[in-house]
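I opened my notebook to look up how this chain is put together. Here is what I wrote down, entry by entry.

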Amino acid sequence: MAAVLAEILISLFAVFGLYAAVRLFCILRGMPDEVAAALTVTRAVSEEEAAWLLWRARENTVSPASRVVVLLAAAAPYTEENVKIFVALGATCYLIND
């Protein structure tokens with residue numbers, strides 16, 4: 001009985017894995033280039049924290065070629081150094097009003 005239950009469980013995992021692979025392939029093929037990840041920065045961040053934030057934003061995008069847009073709050077105490085860090089790491093920065 002345990003062997004039958006194990007085979008059923010393994011087959012369910014296999015079906016789920018196949019579904020996930022097909023879904024990922026379809027998303028990658030159909031994802032338009034206009035889709036980007038947005039990161040809102042409301043305070044000054046260090047270089048290490050900026051790299052970590054961008055890594056997390058890129059991790060949550062589907063395609064590795066997706067752009068990351070950094071939205072800097074106008075009222076936040078960010079510095080020009082923050083903008084330089086984000087641009088050097090490959091992000092596009094915009095200043096927004098809250």
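**Entry 1: the sheet.** Before I could say which residues stand opposite each other, I needed a rule: two strands count as paired if DSSP finds at least two bridges between them. I also noted that this is a predicted model.

With that rule in hand, I looked at the strands. I found an open sheet of three strands, in the order β1-β2-β3, with parallel pairing. β1 (36-41) and β3 (92-96) stand at the edges, and each has a single partner strand, so one side of each lacks a neighbour in the sheet. Averaged over neighbouring strands and ignoring direction, the turn between them is 25 degrees. As a reminder to myself: strands of a sheet pair through backbone hydrogen bonds, either parallel or antiparallel.

**Entry 2: the bridges.** How many bridges join β2 to β3? I counted five, with β2 covering residues 67-73 and the two strands running parallel. On this side I looked up two pairs: Val70 stands opposite Cys93 in β3, and Val69 stands opposite Thr92 in β3.

Then I turned to β1. Six bridges pair β1 with β2, again in the parallel sense. Ala36 has Arg67 of β2 as its bridge partner.

**Entry 3: buried or not?** I checked β2 next. Five of its seven residues are buried, so β2 is largely enclosed by the rest of the structure.

β1 gave me a nice pattern. Ala37, Leu39 and Val41 point to one face and are buried. Ala36, Ala38 and Thr40 point to the other face and are not buried. This fits what I had learned: in a regular strand the side chains alternate between the two faces of the sheet.

**Entry 4: helix α2.** Which strands does helix α2 touch? This helix (residues 47-59) packs on the sheet and touches β1 and β2, and its direction makes about 130 degrees with that of β2.

I tried a small check on its length. At 1.5 Å a residue, the 13 residues of α2 should span 18 Å, and the end C-alpha atoms are indeed 18 Å apart, so the two agree.

Then I listed the buried residues of α2: Ala50, Leu53, Leu54 and Ala57. They cover an arc of only 95 degrees around the axis, which puts them on the same side of α2. My textbook reminder here: an α-helix has 3.6 residues a turn, so residues three or four places apart point the same way. Among the elements that cover the buried residues of α2 are β1, β2 and α3.

**Entry 5: helix α3.** Helix α3 (residues 80-88) lies across β1, β2 and β3, and runs at about 145 degrees to β3. Its residues Asn82, Val83, Ile85 and Phe86 are buried. They cover an arc of only 160 degrees around the axis, which puts them on the same side of α3. The cover over the buried residues of α3 includes β1, α2, β2 and β3.

What did I find on the other side of α3? Glu80, Lys84 and Ala88 are exposed there. I looked closer at Lys84: its relative accessibility is 56%, and exposed means over 50%, so Lys84 counts as exposed. From Lys84 to Val41 there are 43 residues in sequence and 14 Å in space, C-alpha to C-alpha. Just past the helix, I noted that α3 is followed by Gly90, whose phi is positive, near 95 degrees.

**Entry 6: the core.** The largest nonpolar core has 16 residues. Those with the most contacts inside this core are Leu39, Val41, Leu54, Val70 and Phe86. β1, α2, β2 and α3 are the elements that give two or more residues to it, and α2 gives the most, with four residues. In soluble globular proteins, nonpolar side chains tend to be buried together.

I followed Leu39 through its neighbours. Leaving out residues up to four places away in sequence, Leu39 touches Leu53, Leu54, Val69, Val70, Leu71 and Phe86.

**Entry 7: one residue of α1.** Last, I looked up Leu28, which lies in helix α1 (residues 2-30). Leu28 is partly exposed, with a relative accessible area of 40%. Leu28 and Ser63 are 35 residues apart along the chain, with their C-alpha atoms separated by 6.2 Å. Not counting residues up to four places away in sequence, Leu28 touches Val62 and Ser63.

Conventions:
Residues numbered from 1 in each chain as written. Predicted model: local features only at pLDDT ≥ 70, side-chain atom pairs only at ≥ 80, totals over all residues. Heavy atoms only, no water. Axes fitted to C-alpha atoms, helices over the stretch in contact; angles between N-to-C directions. Contact = heavy atoms within 4.5 Å. Buried < 20%, exposed > 50% of the residue type's maximum accessible area, 1.4 Å probe, protein only. Core = buried A, V, L, I, M, F, W, Y, C linked by side-chain atoms within 4.5 Å. Expected span 1.5 Å × (residues − 1). Arc of directions from axis to C-beta.
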